[in-house]
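Me: I would like a close look at one part of this protein, namely how its helices pack and what sits inside. Could you walk me through it in a connected way?

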Amino acid sequence: MAVISAIFLLIGSLGFLLYGMKLMSAGVQKSAGEKLQRALSMMTGNKFVGLLTGLAITMIIQSSGATTVMVVSFINAGLLTLAQSVGVIFGANIGTTITAWIVSLFGFNFKISAFAIPIFGIGFFMTLLKDSKSKNIGEAIMGFGLLFMGLSGLSDVFKPGSPNSLLTENSLNFMHSVQGWGAVSIVISVIIGVVITALMHSSSAFSAIVITMAYNGVVTWPIACAMTLGSNIGSTIDAVMAAFGSSADARRSAVIHVLFNIIGTGLALIFFRPFINFVVWLTPVDNIAIQISMLHTVFKIVNTVILLPLDKQLIRIANFVISDEEKAERKNYHLEFQESSFAKESAAMHIIRVEKEIADMTDVATDMFDRLQIGFSKRKPSFIEEHVEKLADEENYCDQMHEQLIRYVINCQHLSLTDVQRSNLSIMISIVEEIEAMTDQVYTCGLLLAKSIEKKMNLVQDDMEQLIPYVELARQFLQFIRININKHLNEDKLAMATELEDSIDLYRKNLKKLARKRLEGGADVKAELLYLDVVRQIEKIGDHAFTISELLVQTV
């Protein structure tokens, strides 16, 4: 019964530990995560800036897995380049050591169980406040309390002589004998670190377990070091999983993350004894918990110092491992909602992805209109041969984007959202609807133009030339949308949009009057009706652009 009780205590303590870390990360990400992720998505500096960015973000959200999953997602979305990601990945690896320091500095210096429940209670009552920021901070504090409760339970489980200890005299003798197998025991410990960390999806949580075991004398200093080194390789599982089904560069970033930890662990094992002796010398106090935290940090920093100058070589290796993809034409669009354990905590990563896809959809609509403008400037059979089929492909591509983006946004709405995020997502759905309708108008206009060319309709050249400035106004409006998409429009920019809309409407009225006069004067009826239809389609494109402008004013 004692063993069964100890096993249940171990399971419960691990649950408290993992859920506590999850709550801490969730609370921080909800309160500051969106700003951090946007800073990451817009980062354009060199590798040293990337290093500091990855370090800062990971220290704040206390999860290198979350940072690397964001990096993979942003590369896949085209928001980061592979070269930019290297520094961020290295910085994230250093930043993840913060949890081990929290455990070693606060977890064993006082009776943590006495503080865990009051801390949890304070956090819980903060979540009851109406202010969303207080709720998020309260959630993080609750996680901190649960983390301490988990550590307290683990300490009892791995403390010899404790009533709830899982360690009997026989099991301790066996473990001590295994730890005396020299190099073999080191290799076994590394493997244990890799496997358990991969299963737990958290090197920080496993480091807490190792620190607890070492502090209670269950494992020796060399074995604790080996397990910690192995956990660094196991921690890459989240980036690897996030890379499945992503772009080539996104998969390459996961490869670089794996290489960083495998190469570093390999070097540390080659110079194992000098390395761990150096860590002992570097640690100011004779405390094994602090020594393990120091080892974790020194390992990451030394590894970064060695490998950061070799970033180009790492990229070459990643390029060799993951071959280039053929650049696909705009025919088949694919956007899959991947709900990782980190994505549940913050919708910001998904919202940034939606914004990127909306910008891409706007690019497709603008490219389609550019094709159309070629047809108006040179109304020749070559327009049909070179552009009509491509217009059809791009319009179909936008239809696919419309369908899959709406589905993606609906999935986002099931995540934990702030009121602002929920409102912006609703606006995004409307914007996607308007862009898709706009591409329909462009394609219809292209077909009308192609019909006039095929049928050799008698459209007076002067009349067609009068369409050129009208079409140019619509193109300017589309460019305005393209530049400002996903941005909040202020009053000045809305005034610009209103001026463009009014100019298009005025031009449409004048062109309709001229067409009616031509009809009254005996002009070709079919040709003039088609001309009026073209004028109407262009005006609708302007209407959709103005509606998007009004929606952008509502964004926060």
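**Helix packing and the interior**

Reply: Happy to. A search of the whole structure finds 0 disulfides. For context, a disulfide is a covalent bond between the sulfur atoms of two cysteines. Two cysteines are still worth a glance: Cys 225 counts as buried because its relative accessibility is 1%, and Cys 445 counts as buried because its relative accessibility is 0%. Please keep in mind throughout that this is a predicted model.

Let us set the scene before zooming in. The protein has 22 helices and 0 strands. It runs to 556 residues, of which 53% count as buried. If we take the contacts between residues at least 6 apart in sequence, 81% of them join residues at least 24 apart.

Now to the interior. The largest nonpolar core holds 72 residues, and those touching the most other members are Ile 358, Phe 369, Phe 376, Ile 431, Leu 467, Phe 477 and Ile 538. At least two residues of this core come from each of helix 17 (348-377), helix 18 (381-412), helix 19 (419-454), helix 20 (461-484), helix 21 (491-520) and helix 22 (525-554). Helix 19 gives the largest share, with 14 residues.

Phe 376 is a good place to stand inside this core. Setting aside neighbours within four places in sequence, Phe 376 is in contact with Cys 445, Leu 449, Met 464, Leu 467, Ile 468, Val 471, Val 534 and Ile 538. One of these partners, Cys 445, is the cysteine with 0% relative accessibility, while Leu 467 and Ile 538 appear with Phe 376 among the core residues that touch the most other members. There is also a second, separate core of 36 residues, which includes Ile 186, Ala 208, Leu 229 and Val 298.

Val 298 leads us to a helix pair. Helix 14 (residues 272-282) and helix 15 (residues 288-307) have axes that come within 9 Å and cross at roughly 115°, and the crossing is right-handed. On the helix 14 side, the contact is made by Phe 275, Ile 276, Phe 278, Val 279, Val 280 and Leu 282, and on the helix 15 side by Gln 291, Met 294, Leu 295, Val 298 and Phe 299. By class, these residues divide into 10 nonpolar, 1 polar and no charged.

Helix 15 also contains Thr 304. Thr 304 counts as buried because its relative accessible area is 5%. Beyond its neighbours within four places in sequence, Thr 304 is in contact with Leu 51, Phe 90, Ile 94, Phe 260 and Pro 309.

Two of those partners, Phe 90 and Phe 260, take us to another helix pair. Helix 4 (residues 82-95) packs with helix 13 (residues 248-270) at an angle of about 35°, with the axes 10 Å apart, again in a right-handed crossing. Helix 4 contributes Leu 82, Ser 85, Val 86, Ile 89, Phe 90 and Asn 93 to the contact, and helix 13 contributes Asp 249, Arg 252, Ser 253, Ile 256, His 257, Phe 260 and Asn 261. This contact has 6 nonpolar, 5 polar and 2 charged residues.

One last stop is a loop. Asn 486 lies between helix 20 and helix 21, and its phi is near 70°, a positive value in a residue other than glycine. Asn 486 counts as partly exposed because its relative accessibility is 30%.

Technical notes
Residues numbered from 1 in each chain as written. Predicted model: local features only at pLDDT ≥ 70, side-chain atom pairs only at ≥ 80, totals over all residues. Heavy atoms only, no water. Axes fitted to C-alpha atoms, helices over the stretch in contact; angles between N-to-C directions. Helix = DSSP H or I, 4+ residues; strand = E, 2+ residues; numbered from the N terminus. Left-handed = near helix turned anticlockwise from the far one by under 90°. Contact = heavy atoms within 4.5 Å. Nonpolar A, V, L, I, M, F, W, Y, C, P; charged D, E, K, R; others polar. Buried < 20%, exposed > 50% of the residue type's maximum accessible area, 1.4 Å probe, protein only. Disulfide = S-S within 2.5 Å. Core = buried A, V, L, I, M, F, W, Y, C linked by side-chain atoms within 4.5 Å.
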